[in-house]
Amino acid sequence: MADSRTIVVAGAGIGGLTAALALAARGFRVIILERAEKLQEAGAGLQLSPNASRILIDLGLEPALAPHVIAPDSISIMTARTGKEIGRIPLGEAATFRYGAPYWIVRRADLQAALVARVTSHPDIDLRLGAQFEDVAVYPKGVTVVQRRGTARQQEQALALIGADGVWSSVRHQIFPEAQPQFTGSIAWRGTVDATQLPRGFNTQRVQLWMGTNAHLVAYPMSGGKRINVVAIISGKWNRPGWSEPGDVVEIANQFSAPRWPIAARMMIGAVDGWRKWALFAMRDGGAWNKGPIALLGDASHAMLPFAAQGAGMAIEDAAVIAKCLESSPTNPTAAFAQYARLRAPRVTRAQRTARKNGQRYHLGGPVGFARDQVIRVLGGSRLLSQQDWIYDWRMS
């Protein structure tokens, strides 16, 4: 018979670790299966808007994160057409006051380390590294999850299984084999820059969004402002699955060459220490959510384009909601997960569509790009921020 308070979570990424803490806070025992032998950094930086930072603070993570986060004072919107700022969205104290929680930038590795430290110190959470989720069988009173360590297999009985194992989710493949991520036609390039290598006037306390024809560029501070994370998005056909591969300096420099891109943007591109690139895959709008006592969260359910900076935020929200739903129906995970899907699907669908539309707007050129720039100027920072209210001001009902 299944342990009536045990939940198995497949995946020890941001969403899986947050879910484990949220579930344990509500009285569940959690087993986390992570196929990696050692948790390593994947990606460089994360933007955590107030809808996500609020949840982490409620879970007690603020003291551990405080030395590592940066609260940027604004998002500066730049146009490649002139090389000038056309809008500035206020963040910092303005965002904290408006939404009751801060807008944070943090290294993914620092957030993961804070989550892992909390997880490993919790008596009701068992983090198993080197444990690959392999199979699941559903029974009237729960699930049996098969995990593999090397050639050895072990069965674990539990109330439910949550797949938080990323865009190439093994859990999703088991329950929704037809639901596969699709290449979006966009390729992300990432690198970091020593802040001292940038011009003296470069403000390390803000996020920069550069918009240009068929490409855009995002830069923001990390590591106490000592380094700048640079993400360049271009269109292309290269679509090899995976997290990242080495990127050729000449190739990315050609994508951001003069006269299409001004010198300030080209200086950032040229100052990057070393590039990694990855093809951007996304799930269908609406995601894939649940089947009986098995549910998905984060990228496993609804991998989206990063152009609303909500990939991690939506996973963190998922984690909080799924824990609350299970607390409401602790003996009926099927009903709990159905409620979770009803609550999450509309919001996540809107976030997916917003991210996709943002990417289209960022890449406009010619007369429509000029018109976009004029609209941003007219709207001004306060109204641009208010357009984010539906994302940033979210609270669990």
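In this predicted model, helix α1 passes helix α10 in a right-handed crossing. Helix α1 spans residues 14–25 and helix α10 spans residues 311–328. Two packed helices are described by the angle between their axes and by the distance that separates those axes. For α1 and α10, the angle is about 30° and the axes lie 8 Å apart. Because angles under 35 degrees count as roughly parallel, α1 is roughly parallel to α10.

Helix α1 also packs against helix α5, which covers residues 108–120. Here the angle is about 30°, and the axes are 10 Å apart. That angle makes α1 roughly parallel to α5. The crossing of α1 past α5 is left-handed, whereas that of α1 past α10 is right-handed.

Attention may now turn from packed helices to empty space. Such space is revealed by rolling a probe the size of a water molecule over the atoms. The second largest pocket of the model holds about 270 Å³ of space. Its lining consists of 15 residues, of which T184, S186, L305, F307 and R356 are the closest to the centre of the pocket. Two elements, strand β12 (182–194) and helix α11 (333–362), each give two or more residues to this lining. Helix α11 gives the most, with four residues.

The lining of this pocket can also be described by residue class and by domain. It has six nonpolar, seven polar and two charged residues. Domain 1 (4–68 + 104–179 + 281–359) and domain 2 (182–279 + 361–386) each supply at least three residues to the lining of the second largest pocket.

Definitions and conventions. Residues numbered from 1 in each chain as written. Predicted model: local features only at pLDDT ≥ 70, side-chain atom pairs only at ≥ 80, totals over all residues. Heavy atoms only, no water. 1 Å grid on protein atoms, 1.4 Å probe; cavity = no way out; pocket = protein on both sides within 12 Å on 5 of 7 lines; lining within 4 Å. Points joined across faces, edges and corners; volume = space filled by probe spheres on them. Nonpolar A, V, L, I, M, F, W, Y, C, P; charged D, E, K, R; others polar. Domains from an automatic or database assignment. Axes fitted to C-alpha atoms, helices over the stretch in contact; angles between N-to-C directions. Parallel < 35°, antiparallel > 145°, perpendicular 65-115°, else oblique. Left-handed = near helix turned anticlockwise from the far one by under 90°.
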